[in-house]
Amino acid sequence: MAATQRVIIHMSESLAVRVSSTARSYRDAEKLWRRISLDRAAGPKERKAVRVQAALRRRTEWPTEDHLVEACLLGRMAEPDLDRDWVPLTEEERAELSLPGMWPGSERPDEDFSTPCAYTLNHDLIWRARTAAWRISEPWINQILAQGLGNLRTLSEERREQRAALGANVLTFGAIVREGISSHWPTKATQLSPE
């Protein structure tokens, strides 16, 4: 089993509801299937077989919130702008990316990030996305910092506009996940990865 990591993604309430309500409907369908199957089971051996079948079928037929978000992230990471051989992060860069807080220029006043959602995702996938986000954003963040635009509170309105113009190019891990949910939402016809 692949290593996983818990992450918090801030998103709009509508995206969060899309994920949670879809996962809830799958969970309800699984419970119904299990109840019917367990009622039909003739003894402990058959009941165990039903539970095993449910576990094997869960990711593809009744995905959880984590499975749905991971499938969306995989879809987004397969797009040409992110599907590259990025220069690996240095130890210092990985440590910096592990710190809490926003990247300079990543604030988007016109977007709704009011709902924090916790998901457990594949560790390697998280770091592939974080690496891509960092490599894409690095030149823009460096420009923001080099021009003294790092501390938003001390900036005049004109300097805030400069920062916002540069920051529009900053891509974060959270943005990649939100874009994945928006553009790669799995439908029932979509085959989710069994791993």
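Gln53 is partly exposed, with 37% relative accessible area. The residue sits in helix 2, which covers residues 44–61. Its C-alpha atom lies 25 Å from that of Cys72, although the two are 19 residues apart in sequence. The model described here is a predicted one.

**The chain as a whole**

The chain contains seven helices and two strands. Their order along the sequence is β-α-α-α-α-β-α-α-α. The radius of gyration is 21 Å, well over the 16 Å that the globule rule gives for 195 residues, so the chain is more spread out than a compact globule. The C-alpha trace spans about 75 × 30 × 25 Å along its principal axes.

Of the 195 residues, 36% are buried. The accessible surface of the chain amounts to about 11700 Å², and carbon and sulfur atoms account for 53% of that surface. Among contacts between residues at least 6 apart in sequence, 83% join residues at least 24 apart. The chain carries 28 positive and 28 negative charges, and the mean positions of these two sets are 10 Å apart.

**Nonpolar cores**

The largest nonpolar core has 36 residues, and Leu73 and Phe173 have the most contacts inside it. At least two residues of this core come from each of strand 1 (4–11), helix 1 (13–40), helix 3 (65–77), strand 2 (115–122), helix 5 (123–146) and helix 7 (173–183). Helix 5 gives the largest share, nine residues. A second core, separate from this one, has five residues, among them Ala23, Tyr26, Ala54 and Leu68.

Leaving out residues up to four places away in sequence, Phe173 touches Val7, Ile9, Leu73, Leu121, Ile126, Ala129, Arg130 and Ala133. One of these partners, Leu73, is listed with Phe173 as having the most contacts inside the largest core.

**Residues in more detail**

The table gives the relative accessible area and burial class of five residues.

| Residue | Relative accessible area | Class |
|---|---|---|
| Tyr119 | 1% | buried |
| Arg163 | 4% | buried |
| His67 | 16% | buried |
| Thr22 | 18% | buried |
| Gln53 | 37% | partly exposed |

Tyr119 belongs to strand 2. Tyr119 counts as buried because its relative accessibility, 1%, falls under the 20% cut-off. Apart from neighbours within four places in sequence, Tyr119 is in contact with Gln5, Arg6, Val7, Ile9, Met11, Val19, Glu65, Asp66 and Val69. One of these partners, Glu65, is 54 residues from Tyr119 along the chain, with 7.2 Å between the two C-alpha atoms.

His67 is a residue of helix 3. Its C-alpha atom is 9.0 Å from that of Tyr119, across 52 residues of chain. Beyond residues up to four places away, His67 touches Arg58 and Arg59. At 16% relative accessibility, His67 is classed as buried.

Arg163 is located in helix 6, residues 157–167. Is this arginine buried or exposed? Arg163 has a relative accessible area of 4%, and is therefore buried, the cut-off being under 20%. With neighbours within four places set aside, its contacts are Pro104, Gly105, Glu107, Ile144, Leu149, Gly150, Asn151, Leu152 and Leu155.

Thr22 lies in helix 1. Its relative accessible area of 18% is under 20%, so Thr22 also counts as buried. Setting aside neighbours within four places, Thr22 is in contact with Val17, Leu68 and Trp185. Leu68 is also included in the second, separate core of five residues. The C-alpha atoms of Thr22 and Ala2 are separated by 24 Å, with the two residues 20 apart along the chain.

Conventions. Residues numbered from 1 in each chain as written. Predicted model: local features only at pLDDT ≥ 70, side-chain atom pairs only at ≥ 80, totals over all residues. Heavy atoms only, no water. Helix = DSSP H or I, 4+ residues; strand = E, 2+ residues; numbered from the N terminus. Buried < 20%, exposed > 50% of the residue type's maximum accessible area, 1.4 Å probe, protein only. Contact = heavy atoms within 4.5 Å. Rg over C-alpha atoms; globule rule 2.2 N^0.38 Å. Areas by Shrake-Rupley, 256 points an atom, 1.4 Å probe, with all protein chains shown as cover. Lys, Arg positive; Asp, Glu negative; His and termini not counted. Charge placed at Lys NZ, Arg CZ, Asp CG, Glu CD. Core = buried A, V, L, I, M, F, W, Y, C linked by side-chain atoms within 4.5 Å.
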